[in-house]
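User: I'd like to go through the terms behind this model and hear how each label is earned. Can you set the values against the definitions as we go?

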Amino acid sequence: MKKIACALVLAATTQSAHAVEVTANAGFMSDYIFRGVFQSESAAMGGLDVKQDGFYAGTWTADVDQGLEVDLYGGYNGAIGDFTYGAGVTGYYYTDNFDDTYQEVNLSVGYKIFSISGAIGRYDNFHGTLEDGATEPNKKLDYTFIAPRVDYKGFYGVIGIFGNDFDGEYYEAGYGSTFDPIGLDYKISVVHSSKDLVGDRDGDGKEDDDTRFAFSISKTFKLFP
């Protein structure tokens with residue numbers, strides 16, 4: 001995967017220099033929920049992106065309950081009329097033993113207001129915890145993820161479904177837009193996660209589903225050109 005990521009970054013940076021765009025972003029989330037899984041409350045976030053002729057590469061980080069999450073990604077997005085498509089790779093890395101590394105290949109297609117994204121990945125699983133609760137040291141887990149989505153005038157709805165060694169699904173709906181006078185992006189959402197995805201959330205020995213409301217604000221700054 002690292003070789004693929006390096007190739008994508010190289011391809012993005014060896015095109016004509018005038019087409020390169022470099023941006024940074026910073027923001028805050030009331031609740032950080034990723035693919036239906038709660039990560040932390042009151043999370044700060046920020047990132048850096050390089051884009052050129054459809055190619056992109058970047059990094060993004062967020063405050064989690066213990067330490068930081070640091071993401072590295074690269075890929076290509078394109079369009080033919082109302083049809084969109086994309087392919088890339090992403091790595092999720094964590095400090096302070098909050099979680100272990102995830103590495104995945106990402107694919108997406110879309111047509112007008114409808115789109116579907118997917119991932120095929122591997123989880124390093126340093127605890128060796130298996131789906132049935134047993135443990136097996138150094139047992140890596142493979143997973144798939146698929147998410148059909150609808151977007152319409154800022155409103156969106158998405159269903160996320162895990163497969164292979166991961167189980168569970170979530171349902172998310174929300175609204176996002178930009179406050180133009182200061183270029184501030186904002187989003188509000190409600191996320192309902194299934195029992196299989198959340199597990200024993202309150203420690204009573206029983207699996208629980210979970211519904212959470214969240215909002216986020218962020219601002220993007222153009223660094224180049």
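Analyst: Let's start with burial: a residue is buried under 20% relative accessible area, exposed over 50%, and partly exposed in between (1.4 Å probe, protein chains only). By that rule, 35% of the protein's 225 residues are buried. This is a predicted model, where local features need pLDDT of at least 70 and side-chain atom pairs count only at 80 or more, while totals for chains, interfaces and linings use all residues. Numbering runs from 1 along each chain as its sequence is written, and side-chain values use heavy atoms, with hydrogens and water left out.

User: How do you know how far to trust the protein's residues, going by mean pLDDT?

Analyst: pLDDT is the predictor's confidence in each residue, from 0 to 100. The mean here is 89, and 83% of the residues reach 70 or more. Residues 12–16 stay under 50, and the model has 7 contacts for them beyond four places in sequence. Where pLDDT is low, the predicted coordinates should not be read in detail.

User: What makes up the protein in terms of helices and strands?

Analyst: There are 2 helices and 12 strands, both taken from DSSP runs and numbered from the N terminus (helices H or I, at least four residues; strands E, at least two). Reading from the N terminus, the order is α-β-β-β-β-β-β-β-β-β-β-β-α-β.

User: Why is K153 called exposed, or partly exposed, or buried?

Analyst: K153 has 65% relative accessibility, so it counts as exposed. K153 sits in the loop between β8 and β9, and its phi is near 50°, a positive value for a residue other than glycine. S42 also isn't a glycine, and has a positive phi of about 50°. S42 is in strand β2 (residues 37–52), and with a relative accessible area of 46% it is partly exposed.

User: What makes the largest nonpolar core a core, and which residues have the most contacts inside it?

Analyst: A nonpolar core is a set of buried Ala, Val, Leu, Ile, Met, Phe, Trp, Tyr and Cys residues joined through side-chain atoms within 4.5 Å. The largest one has 18 residues, and Y102, Y123, F145, F166 and Y170 have the most contacts inside it. β5, β7 (114–123), β8 (141–152) and β9 each give two or more residues, with β8 giving the largest share, 4 residues. Apart from it lies another core of 7 residues, including Y32, A43, M45 and V64.

User: What does Y123 touch beyond its sequence neighbours?

Analyst: Contact means heavy atoms within 4.5 Å. Leaving out residues up to four places away in sequence, Y123 touches D99, D100, T101, Y102, K140, L141, Y143 and F166.

User: How do you know that D142 and R122 form a salt bridge?

Analyst: The rule asks for a side-chain nitrogen of Lys or Arg within 4 Å of a carboxyl oxygen of Asp or Glu. The closest N and O atoms of D142 and R122 are 2.8 Å apart, so the pair passes that cut-off. D142 in strand β8 and R122 in strand β7 are 20 residues apart. D142 is partly exposed at 28%, as is R122 at 41%. The whole structure has 6 salt bridges.

User: Which residues are linked with D31 in a network of salt bridges?

Analyst: D210 and R212 join D31 in that network. R212 and D210 have their closest N and O atoms 2.8 Å apart. D210, at 11% relative accessibility, is buried, whereas R212, at 21%, is partly exposed.

User: What makes Y171 eligible for the nonpolar surface patch?

Analyst: Patches take residues with over 30% relative accessible area and no salt bridge; like charges are joined within 9 Å, and nonpolar side chains (Val, Leu, Ile, Met, Phe, Trp, Tyr) within 5 Å. Y171, in strand β10 (residues 169–179), has 40%, so it clears the area limit. The patch covers about 850 Å² and includes I80, F83, Y111 and I161 as well as Y171. β5 (83–94), β6 (102–111) and β9 (155–164) each supply at least two of its residues. Accessible areas come from the Shrake-Rupley method with a 1.4 Å probe, and for residues only the protein chains shown count as cover. Overall, the protein exposes about 12,800 Å², with carbon and sulfur atoms supplying 59% of it.
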